[in-house]
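Me: Could you take a close look at the cysteine pairing here? Please set it in the context of the whole chain and keep it informal.

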Amino acid sequence: MNWDSNPLKPISFYKQNSFLIKLLILFLLFGLTIRFFSSYSIDFSSPVLEIKTSSPVTDLLTFDKGSLTSNSTNLIEDEAKSKCDLFKGEWIPNPSGPVYNNNSCPFIELPQNCMTNGRPDSDYLYWRWSPLDCKLDKFNPEKFLDLMSNKYWAFIGDSISRNHVQSFLCTLSQVDQAKEIYHDEEYKSKTWVFPLYNFTVTVIWSPYLVKAEIFEDNDGVSTSETQLHLDKLDEKWTSRYNNFDYVIIAGGKWFLKTAIYFENNTIQGCHYCHGRNLTELGFDHAYRKALELVLNFVMNSSHKAQVFLRTITPNHFENGEWHNGGTCNRKVPFKEGEVNITDIDRILYEVELQEFDKAVGVASEKDVSLKLFDTTRLSLLRPDGHPGPYRQSHPFAKDKNAKVQYDCLHWCLPGPIDSWNDLVMDILMND
């Protein structure tokens, strides 16, 4: 039988050849697959998968030890960082402790110098603030001073602002010693310079931020009601505003004091002015007016400083207030949910948030940098960080049962207020 006369022969032949061709292709594909996967190694020694390859795909990836990130991962992390609330978190143990002490820093005023004054415990020194959803780096004084070369920083407000500037100076002086170049007659307003960086820091005593006639001595004893002009800002800071690159403005507690309120040099009413035939307007009315005036000034100034509005510092007096036996003897921080803000502090805090919200929209339109420095919640959790009876030197040296006045508002130095500098640094670095 010849080839052409058997129709089954070519079909069988083609089937066999087709099978061989398919088998050859299969082996080729299998070989290529083995070679492809053999060019990769997977390291399971790290909890995060780490891929090592010489493939051009790696040009899209950035590797670090024990981690794998990509451009899209970085975008996700950046978005998470932008949503991070630095001011919501907890106090965590900090075994390294503070970077300065009462011996290394000459800027600590006696009422906040708890160690020198004989406070016997030291656990309050070994905590630092940690936001819940992001990492907060420790303050880097050298890096900060590099950023602030030839700049001017102002703290404007009451004695808490003065408390903060002392912490600020103590931390920065680990790199360059600040030199005082100005003080007022009462030593409440001061200016320093860091000579190696030409960085200037000032604190301006302006507890009401608006024009005020105050008739009170250093012990808080008044001979008459304070007179507040709610339509006039305090020129002690406005006259110098154009010099400042960065400003932290704060108020609050002084508005709780007895005061008579003026506008257009005419009495409008008062707060807590018993015996006078005046309308009780309330401290929140005055505080709102003052903050509105301050923020309008910032919004409309031709000088574009970067401004932080710091929120109030809650006190931790228990069993009374500062003038009637109130104390603060706690030794550890509160956890979230263990303490509530007082009604009065809540009112002040809400006024601050409301006025800031009103101003920040205008700020964006006018290219003004305005930020909320919300230290209220984190401060509320630190009842252990106040001088308490150690606002004076060794109060129980002669009588361990002596009745002394406690300070449950200001902060020991070093102490919790040092974490405020970590927050400032983070805000600047991510601005």
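Reply: Start with the contacts, meaning heavy atoms within 4.5 Å: of those in the chain between residues at least 6 apart in sequence, 71% join residues at least 24 apart. This is a predicted model, where local features need pLDDT of at least 70 and side-chain atom pairs count only at pLDDT 80 or more, while totals for chains, interfaces and linings use all residues. Residues are numbered from 1 along each chain as its sequence is written, and side-chain values use heavy atoms, with hydrogens and water left out.

For the backdrop, the chain has 9 helices and 17 strands; these are DSSP runs numbered from the N terminus, helices being H or I with at least four residues and strands E with at least two. Of the 431 residues, 46% are buried, where buried means under 20% relative accessible area, exposed over 50% and partly exposed in between, with a 1.4 Å probe and protein chains only.

Now the cysteines. Taking a disulfide as a pair of cysteine sulfur atoms within 2.5 Å, the count is 5. Number the bonded cysteines along the chain and the pattern reads 1-4, 2-5, 3-10, 6-7, 8-9.

One of these disulfides connects cysteine 84 with cysteine 134, at 1.7 Å from S to S. That pair links distant parts of the chain, 50 residues apart: cysteine 84 sits in the loop between α2 (71–83) and β5 (89–93), and cysteine 134 in the loop between β6 (127–131) and α3 (141–147). Both cysteine 84 and cysteine 134 are buried.

Another one joins cysteine 105 to cysteine 170, with 1.9 Å from S to S. The link between cysteine 105 and cysteine 170 is left-handed, at -80 degrees about the S-S bond. Because cysteine 105 lies in the loop between β5 and β6 while cysteine 170 belongs to helix α4 (residues 159–172), the pair ties together parts that are 65 residues apart in sequence. Cysteine 105 has 5% relative accessibility, so cysteine 105 counts as buried; cysteine 170 is at 0%, so cysteine 170 counts as buried too.

Then there's the disulfide of cysteine 270 and cysteine 273, whose sulfur atoms are 1.6 Å apart. Both cysteine 270 and cysteine 273 are buried.

That takes us to a sheet, since strand β15 covers 266–271. Here 4 strands form an open sheet in the order β11-β12-β14-β15, with mixed pairing; two strands pair if DSSP finds at least two bridges between them. β11 (210–213) and β15 are the edge strands, each pairing on one side only. From one strand to the next, the twist averages 30 degrees. Inside the sheet, β12 (residues 226–233) and β14 (residues 259–263) run parallel and are joined by 4 bridges; glutamine 227, for instance, has isoleucine 260 in β14 as its bridge partner. Helix α6 (residues 283–300) lies across β11, β12, β14 and β15, running at about 35 degrees to β12. Axes here are lines fitted to C-alpha atoms, for helices over the stretch in contact, and angles run from 0 to 180 degrees between N-to-C directions.
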